[in-house]
Amino acid sequence: MKAIKCKDLNKRFYRKNALNDLSFSIEENKIVGVIGRNGAGKTTLLKIIAGLLKEKSGVIEVYGRRPFNNLFVSANTIYIDDAMNFPTALTLKEILEEGKRFYHHWDHDLALRLFDYFGFNPSQHHNELSKGKESTFNMIVGLASRSPLTIFDEPTTGMDAAVRKDFYRALLKDYLAHPRTILLSTHHLEEMEDLLEEVLVIHEGSLKLQMSMDDLKEYGVGLTGKKDVVEPFLKEKEILWKKEQALDTCYAVIKNDLTDHEYQRMKEAGVQVSPVKANDLCIYLTESRNEKGSVDDVFDRSADV
Amino acid sequence: MSLIEVQTSEIVKKQIGYKWRAYTGVFTSLVVIQLLGLLFSLNGSGSMGSGRTVYDVNITYYTADIVVGFTIFWGFLTAFLLTTKAYREDDFAFVTNRKTSTLSTIVFLFMICVIGALTALLSGFALKLIAYFILPGEEMLLTQGVGNVSAWLLGMFATIIIVFMFSSLGYLAGMIVQLNKMLVIVMPVVVVGLMILLSRGGFQIQVYFFEFFFEENNAWLFTLKTLSATTIFYALSVLVSNRLEVKQ
Amino acid sequence: MIVVAFMPILILLAVIIALSLLIKKSSRFGFGRGKAGLWMLISYSVLLVVSAVIFLAIPLGSIELKGQEKEEKEEQKSQQFYEAVQEGKLDEIEEWRIHEWSFPFDKEQLILQVLENDVNGINIFVERTDDLTETVEAFYYQTPLMINGYEVEEKYMPAVSMVMTTLSIYPGEKLNLKYKMFGSEFPFRLFDKENGSMWGDTTVSHWNGTALYIRVPEGLDVVGDQNAYTEVNPS
């Protein structure tokens, strides 16, 4: 059974389209990254999957059921974001105890050990925590719940690098011991490359790309060289991104389907061929299609005046 | 991880316990509001002066009516606050759906209304004790005690369902306001405006409202009326809440 | 009372305080935090239960009030009282005699001085009788003041004194009676209209009768404001 099935999913907020005919499906027991720019619709998608928002049209199924207002989906899903609302009357320890009562697979031992490891004070309250601490605590709840579908929406907000590293390790270790479906949305793709098995790239409410992490790492290739030398090679290729640089050189990213022959020719023509990091590729893929160009152009233009 | 099937009743039970532990703060406001009510009651709920030729008679009447009134108001306000987004989201931090969330909130409200009603009635004794020992006044004129146990139980029951009814009204009002924040202003204006308009037309709806519930001498009819109104208000709020999404 | 005048303001204040208490929840809004609420409730409840037990243990003289129906009886009684006084049948009103004065008097003329009689009025009756010689007697009668059928025990007493040939009748000290009335809360009154709404029907009876009955020897010249007293001629 698919963990998540999604077909022609649409969501509107007032006048803005948040999701446009999104279709994909996710297998069970995978760690999937949901990648996209701010406002791409990641959070909306994750909340719809968690049953917190209602889809406008289309089909969304989590374990074969429509998640909105569904107790079964709620019992088997946990949604963790940086705006978790826990009752202020409860201490952190009591919140963990509530989690134990609600989630059948809850591992209280793990929760307490992580709680100690990250140096939480049991009598503290959730709304007294700093941003990073709050995210860390939410992460503990998300991990300990052992929900068959665990959703982390920007789980690392505010965490420092060391804690982020710990989190990735904890997530991976726990996942290996107790495989389950984990959805993660993040801005730190480069840090999670080794963690994610699959990636969903979302851009402006629609699916841009869905592939395994390994494929994504080799999806693109970068060409650098004199503009007039590179240009001919770009014909008949799918240009993912192109940037003109100083001294008539340019950098273009194309799909990595070069034949050995082409590769050879490029080398002879003096075109540098380089791999493209998954993170950069995602940035290129989700660049807006309009003529604004990069942030550099903003400054160049003002310099011209 | 294996998938879990859960029963609605199981989750409702867990949610009730969760709310009981998470919202103990409602009792802070209950105690504060009742103590305030007591303070006001010490002034006497009524006082009658009679200047006779040679006697100047002054009778002060002590009853915890104000405390009961404040408690009713507290029931309304607490239910209203529980509909606000932060509290609804508290529910959804753990396993729930709208049905279990609403059901558990109603049960929780009923529990705290029982507590509120009981303490309000008991505060009457505290008031009279203070009045007896501390306040000036030569003699006790009347201890209109509630003579028998059954009358006391009946009055207690009536207080509970009155407070509970107003909590349902608060819950409905809160849910309507959640639809659109502007309704916080619009709703009172409409309600008050309607009252004024109707009273111009000779139909005083608020008078009718109070007569309908509080002039009812028959205990069975009173119970029927109050509980039906409560049910209607909660049913309406469930209808309204179905239009709300959880997180935005 | 000053407090009464400020009541609406106080209530408004209470509502505002209550609201702010409810709404202040550090970053968000709400009902305070921690277990404080539960402990507050528990200690408050214990206090209430203790005070209820103490209150119920106090042997309070609970007086059942009789209300309106008693009022007519009072009226009758009052009429009988005045009739008896008018007719000089002192033996009939003997039970209501509060006080008596007796002054030796051998003058020809008695001056009756009544102060502020129209305000703090007691009814003065004068009877000439041949039973007395060289003595002036005064009796004060009063039927009890009734509040909802409850008999007020405090009795009023005018100050009567004789100086030379002047019998002065001063109004006595006005009696300030303060009572506390303990009622049940309105939910208890809902279904029990008869016992419940006593407070609204509380009446201070206007039918209590007072009479200062002065007996003077036959032929004594009584000088005084004719409106201030009534002459009685028992037949």
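UniProt positions are given here in the numbering of the model, and its annotations may be inferred rather than shown by experiment. The model itself is predicted.

**First stop: chain C**

Select residues 6-24 and 36-58 of chain C, which an unreviewed UniProt entry lists under the feature "transmembrane region". Keep residues 36-58 of chain C highlighted: 96% of this span is helix and 0% is strand. Its end C-alpha atoms are 33 Å apart.

Then display chain C as a whole, where six helices and 12 strands are found. Of the 235 residues in chain C, 29% are buried. Consider next the contacts in chain C between residues at least 6 apart in sequence: 83% of them join residues at least 24 apart.

**Second stop: a helix of chain B**

Select residues 25-41 of chain B, which form helix H2. This helix has 17 residues, and the distance from its first C-alpha to its last is 25 Å, close to the 24 Å expected at 1.5 Å a residue. Is H2(B) mostly covered or mostly uncovered? H2(B) is mostly covered, with 15 of its 17 residues buried.

**Third stop: the annotated domain of chain A**

Select residues 4-229 of chain A, to which an unreviewed UniProt entry gives the label "domain: ABC transporter". Helix accounts for 35% of the chain over this range and strand for 30%. The end C-alpha atoms of residues 4-229 lie 46 Å apart.

Three residues of chain A merit individual selection. Begin with Asp8(A), in strand S1 (residues 2-13) of chain A. Its phi is near 50 degrees, a positive value in a residue other than glycine. Asp8(A) is classed as partly exposed because it has 14 other C-beta atoms within 10 Å, a count that falls between the limit of 12 or fewer for exposed residues and that of 20 or more for buried ones.

Move next to Asn69(A), in the loop between strand S4 (57-62) and helix H2 (71-76) of chain A. Asn69(A) is not a glycine, yet its phi is positive, at about 60 degrees. Why does Asn69(A) count as partly exposed? The reason is its 18 C-beta neighbours inside 10 Å.

The third residue is Arg169(A), in helix H6 (residues 161-177) of chain A. Arg169(A) is exposed, since 11 other C-beta atoms lie within 10 Å. Add Leu195(A) to the selection: this residue is 26 residues from Arg169(A) along the chain, and the two C-alpha atoms are separated by 8.6 Å.

**Fourth stop: the sheet of chain A**

Select strands S10 (residues 220-226), S11 (239-244), S12 (249-255) and S13 (272-275) of chain A. Together they make an open sheet in the order S11-S12-S10-S13, with antiparallel pairing. S11(A) and S13(A) are the edge strands, each pairing on one side only. Neighbouring strands are turned by 20 degrees against each other on average, direction ignored.

The sheet may be followed pair by pair:

- S11(A) and S12(A) pair over five bridges; Ile239(A) has Ile254(A) as its bridge partner in S12(A).
- S10(A) and S12(A) pair over seven bridges; Gly222(A) has Val253(A) as its bridge partner in S12(A).
- S10(A) and S13(A) pair over four bridges; Leu223(A) has Val273(A) as its bridge partner in S13(A).

Now select helix H9 (residues 227-234) of chain A, which packs on the sheet and touches S10, S11 and S12. The direction of H9(A) makes about 145 degrees with that of S10(A).

Finish here with Leu247(A), in the hairpin of S11(A) and S12(A). Four residues lie between the two strands, and Leu247(A) takes a positive phi near 55 degrees.

**Last stop: the nonpolar cores**

The largest nonpolar core has 160 residues. Which residues have the most contacts inside this core? They are Val34(A), Ile49(A), Ile140(A) and Ile151(A). Helix H6 (residues 149-179) of chain B supplies the largest share of the core, 15 residues.

Center the view on Val34(A). Not counting residues up to four places away in sequence, Val34(A) touches several residues, including Lys42(A), Leu45(A), Leu46(A), Leu183(A), Leu184(A) and Ile202(A).

Return finally to chain C and select Trp96(C), Val114(C), Phe139(C) and Leu167(C), which are included in a second, separate core of 22 residues.

How values were computed: Residues are numbered from 1 along each chain as its sequence is written. Chains are lettered from A and ligands numbered from 1 in the order in which they are written. This is a predicted model: local features need pLDDT of at least 70, side-chain atom pairs count only at pLDDT 80 or more; totals for chains, interfaces and linings use all residues. Two strands pair if DSSP finds at least two bridges between them. Axes are lines fitted to C-alpha atoms, for helices over the stretch in contact, and angles run from 0 to 180 degrees between N-to-C directions. Two residues are in contact if their C-beta atoms, placed from the backbone, lie within 7 Å. The expected span of a helix is 1.5 Å times one less than its number of residues. A nonpolar core is a set of buried Ala, Val, Leu, Ile, Met, Phe, Trp, Tyr and Cys residues joined through C-beta atoms within 7 Å.
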